[in-house]
Amino acid sequence: MNGLKSDEQINDNLLPSLPSSTISTLSPVSGLMNEQKVALDDDKQSDEHKQIEDERYDYLPQETSLKNDLLVKIDDISVKQHQMVCLLDDSKWLNDDVISAYICCIKDQVHVQNKNDGKVYFENPFISRLLKRDGGIGIHGDGTFMTDIVRNYLKYDMIELPINIDNKHWYLAIVNAKKSEIQVFDSLCWEFNRNDLTTMLQGLQYHLDILRRQQDSISHKWTDLDVTKWMITEQLREPIQEDSSSCGLFMLKFMEYSTEDTLCHPITQEIITPFRYKLASILLCWKTNTAAMTTMLEQSDIEEDPNDVVMLESPEDQNKAKSLNSLSFKNKYQSLISVISNMSLHALVGRLCSYIKSIKCMETLE
């Protein structure tokens, strides 16, 4: 057929060209100039090819700078891109920064602040670690700073303290001053290991003893300042966590829904699994997130919609959640792209499938 070459022709075209036996008539200078011209042409083609590639993929975030991008700054808590990745991998534990940022969000929620007439104090993991440090090796040079923090505790009925066991497991300890009781919410019910709690309570006791000796100690309603002698009660009888990595997510929900006696709403693994992925959007789009985004879409490209992301809401009234729009839609989009850019295609598809399967509302699913 006219349009096809013979096998011999194809094989000949694939063979390397043999050097010519003809003597060149070009001078050495002319030959050098031709070689330089060829080299310049090759460089030009390479530059053009690189330019095309750059133009083709210029919408993708540059991976080299992503990991240090500041995505969340709420109060004094900062979360960078590489610290947010744990929310996109269901095999990873939540780190201190993500937990601290969400605790700031919990403090802003009206339905949580009203649950006990505002007499609940939400501590962050950093301070809990300092209390545990003081309980283990004594009060340090920042003792006055820590004593002032504990002095503030005396204004509240309940102090919620996040505790981490050797970077392996998170659980919540609540100092309930009304009942003179330490209440423990542990999604795995690890009752055999409360050494971290004992050490932290000892650190808390050191500072309470200092306040008790001070003449100018503020008045308080605590009937007993000997917290190391308070009864420790396990609030959960059976494990409710079904995996090995979502303990931090459970702990945050315990902080959000704990009351003086129990949890005001049931918490299950089915609730926690989609909460992991929603948490990334919550932090990025929170009303007090003042992080400056390094990359954003042009204002004219995407219109801002203050209702594009739903924030935290009370389970009994999800329709009353307030829209929080300090970050425009373009910033939200770029922030989420920044977080997921280092995920493999397989991992991303898996997370999306898990999220889709968790949607119960037919209208939302549609």
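**View 1. Glutamine 241 is buried, with a relative accessible area of 7%.** Buried means under 20% relative accessible area, exposed over 50%, and partly exposed in between, with a 1.4 Å probe and protein chains only. This is a predicted model, in which local features need pLDDT of at least 70 and side-chain atom pairs count only at pLDDT 80 or more, while totals for chains, interfaces and linings use all residues. Residues are numbered from 1 along each chain as its sequence is written, and side-chain values use heavy atoms, with hydrogens and water left out. Glutamine 241 is found in the loop between β7 (231–234) and α10, where helices (H or I, at least four residues) and strands (E, at least two) are DSSP runs numbered from the N terminus. Leaving aside neighbours within four places in sequence, the residues in contact with glutamine 241 (heavy atoms within 4.5 Å) include His169, Leu188 and Phe250.

**View 2. Leucine 283 belongs to a setting of many side chains, among them Val72, Met84 and Tyr102, with which it is in contact.** Of the 45 residues in the largest nonpolar core, Val72, Met84, Leu87, Tyr102, Leu279 and Leu283 touch the most other members; such a core is a set of buried Ala, Val, Leu, Ile, Met, Phe, Trp, Tyr and Cys residues joined through side-chain atoms within 4.5 Å. A second, separate core of 29 residues includes Ile159, Val175, Ile182 and Trp222.

**View 3. Leucine 352 lies in helix α13.** At 49% relative accessibility, leucine 352 counts as partly exposed.
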